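Let's take a friendly walk through a protein chain and its charged side chains. Have a look at the model first, then read on.

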Amino acid sequence: MKELHAIIRDLREDRDLKQKTVAEYLGISQQTYSNYENGRRDIPLWAVLKLSKYFKVSTDYLLGADNGYLGSPNLNRKYLGDVTIHDVLFRIQKLDAGKRRELLRFIRFLGEEE
């Protein structure tokens with residue numbers, strides 16, 4: 001199982017972001033953020049919460065409890081209009097289990113029509 005520091009590094013690299021950019025979002029120095037990514041410093045809970053919002057993933061994913069994120073660097077490309085695949089996946093993650101099942105049934109239904 002990947003550790004938090006490796007997950008946030010992968011998420012940042014998938015988006016071609018610099019450490020400084022993420023550090024500025026968090027309101028910390030680039031060196032502090034680098035220490036988070038390299039596992040030299042524990043990442044505080046407030047930072048985990050902000051990183052989940054920034055990267056649009058669940059805190060469960062960041063903490064290794066959910067490996068549902070695909071990690072593809074192509075997720076930020078425009079998919080339809082201004083919506084990215086990442087936006088779609090983020091919204092799906094926020095649905096409860098019943099709504100996700102309904103969504104999957106609908107997707108299967110749409111696929112059968114072709």
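## Charged partners and a charged patch

At 41% relative accessibility, Glu13 falls into the partly exposed class, where buried means under 20% relative accessible area, exposed means over 50%, and partly exposed lies in between (1.4 Å probe, protein chains only). Before going further, note that this is a predicted model, in which local features need pLDDT of at least 70, side-chain atom pairs count only at pLDDT 80 or more, and totals for chains, interfaces and linings use all residues. Residues are numbered from 1 along each chain as its sequence is written, and side-chain values use heavy atoms, with hydrogens and water left out.

So what does Glu13 pair with? Its side chain meets that of Arg12 in a salt bridge, meaning a side-chain nitrogen of Lys or Arg within 4 Å of a carboxyl oxygen of Asp or Glu. Side chains of opposite charge can pair when their charged atoms come close. By this rule the count comes to 4 salt bridges, and the table shows some of them.

| Pair | Closest N to O distance |
|---|---|
| Lys2 and Asp10 | 2.1 Å |
| Arg12 and Glu13 | 3.9 Å |
| Glu37 and Arg12 | 2.5 Å |

Arg12 turns up in two of those rows, with Glu13 and with Glu37. The pair of Glu37 and Arg12 links distant parts of the chain: Glu37 sits in helix 3 (residues 30-37) and Arg12 in helix 1 (residues 4-14), 25 residues apart. Helices here are DSSP runs of H or I with at least four residues, strands are runs of E with at least two, and both are numbered from the N terminus. Together, Arg12, Glu13 and Glu37 are linked in a network of salt bridges.

Is Arg12 buried or exposed? Arg12 is buried, with a relative accessible area of 10%, and Glu37 is buried too, at 2%. In the Lys2 and Asp10 pair, Lys2 is partly exposed at 47%, and Asp10 is partly exposed at 22%.

Now for the chain as a whole. It has 7 helices and 2 strands, and along the sequence they follow the pattern α-α-α-α-α-β-β-α-α. Buried residues make up 29% of the 114 residues.

Finally, look at helix 7 (residues 97-112), where you'll find Arg101. Arg101 joins Arg100, Arg105 and Arg108 in a positive surface patch. Patch members have over 30% relative accessible area and no salt bridge, and like charges are joined within 9 Å.

Key:
Patches are made of residues with over 30% relative accessible area and no salt bridge: like charges are joined within 9 Å, nonpolar side chains (Val, Leu, Ile, Met, Phe, Trp, Tyr) within 5 Å. Accessible areas come from the Shrake-Rupley method with a 1.4 Å probe; for residues, only the protein chains shown count as cover. Lys and Arg count as positive and Asp and Glu as negative; His and the chain ends are not counted. The place of a charge is taken as NZ of Lys, CZ of Arg, CG of Asp or CD of Glu.
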